[in-house]
Amino acid sequence: MIHLSIYTTLGCHLCAQLEALVNTLANQEVALHRIEISDDDALVERYGVRIPVLVDSEGEELDRGFDLERLSAWLQARGWLDKAALEAMTSPPAHVPPVGAHQRNGRRFLG
């Protein structure tokens with residue numbers, strides 16, 4: 001199990017995005033310890049414009065980790081990256097016709 005901390009604050013949509021990315025890209029289960037910065041002036045000063053900040057058990061930080069390239073490199077450096085999940089996220093989807101599409105007289109219609 002991967003143990004990480006995340007500096008966050010209530011209503012941080014980027015923090016939620018980072019949590020989802022970490023859970024998707026990690027090659028094992030992730031335990032996230034959420035640290036609310038708004039309760040501590042020193043934490044607001046340190047992390048206020050940098051959140052979300054992800055921290056590993058060694059204390060190494062990744063600020064603004066919602067960037068897929070930076071997050072995947074950070075996870076890869078620690079041996080935690082699920083390469084198949086990253087490939088699935090970054091590969092163009094196979095061509096799938098729209099649901100409910102049909103052709104009539106050489107023209108395609110939706111619905």
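Biologist: In this predicted model, H3 and H4 pack with their axes 12 Å apart and at an angle of about 170°. Why is H3 called roughly antiparallel to H4?

Modeller: The angle between the N-to-C directions of the two helices is about 170°, and angles over 145 degrees count as roughly antiparallel, so H3 is roughly antiparallel to H4. The contact is made by Leu68, Ser72 and Gln76 of H3 together with Lys83, Leu86, Met89 and Thr90 of H4, and by class these residues comprise 3 nonpolar, 3 polar and 1 charged.

Biologist: What makes H1 and H4 oblique to each other?

Modeller: The axes of H1 and H4 come within 8 Å and cross at roughly 125°. That value lies outside the range of 65 to 115 degrees that counts as roughly perpendicular, and it is not over 145, therefore the two helices are oblique to each other. On the H1 side the contact is made by Leu21, Thr24 and Leu25, and on the H4 side by Ala85, Leu86 and Met89; these residues divide into 5 nonpolar, 1 polar and no charged.

Biologist: How do you know that Cys12 and Cys15 form a disulfide?

Modeller: Their sulfur atoms are 2.3 Å apart, which satisfies the cut-off of within 2.5 Å for a pair of cysteine sulfur atoms, so the pair counts as a disulfide. A search of the whole structure finds 1 disulfide, and both Cys12 and Cys15 are buried, each having under 20% relative accessible area.

Biologist: Why is the disulfide of Cys12 and Cys15 called right-handed?

Modeller: The torsion about the S-S bond of Cys12 and Cys15 is about 75°, and the disulfide is therefore right-handed.

Biologist: Which residues have the most contacts inside the largest nonpolar core, and what makes a set of residues a nonpolar core?

Modeller: A core of this kind requires buried residues of the nonpolar types listed for it, joined through side-chain atoms within 4.5 Å. The largest nonpolar core has 29 residues, and Leu4, Tyr7, Leu54 and Leu71 are those with the most contacts inside it. Strands E1, E2 and E3 and helices H1, H2, H3 and H4 each supply at least two residues of this core, with H1 giving the most, 5 residues.

Biologist: What does Leu54 touch, not counting residues up to four places away in sequence?

Modeller: Leu54 touches residues that include Leu4, Ile6, Leu18, Val22, Leu32, Leu71 and Trp74, and also Ser5, Glu60 and Glu61. In soluble globular proteins, nonpolar side chains tend to be buried together.

Terms used. Residues numbered from 1 in each chain as written. Predicted model: local features only at pLDDT ≥ 70, side-chain atom pairs only at ≥ 80, totals over all residues. Heavy atoms only, no water. Buried < 20%, exposed > 50% of the residue type's maximum accessible area, 1.4 Å probe, protein only. Helix = DSSP H or I, 4+ residues; strand = E, 2+ residues; numbered from the N terminus. Contact = heavy atoms within 4.5 Å. Axes fitted to C-alpha atoms, helices over the stretch in contact; angles between N-to-C directions. Parallel < 35°, antiparallel > 145°, perpendicular 65-115°, else oblique. Nonpolar A, V, L, I, M, F, W, Y, C, P; charged D, E, K, R; others polar.
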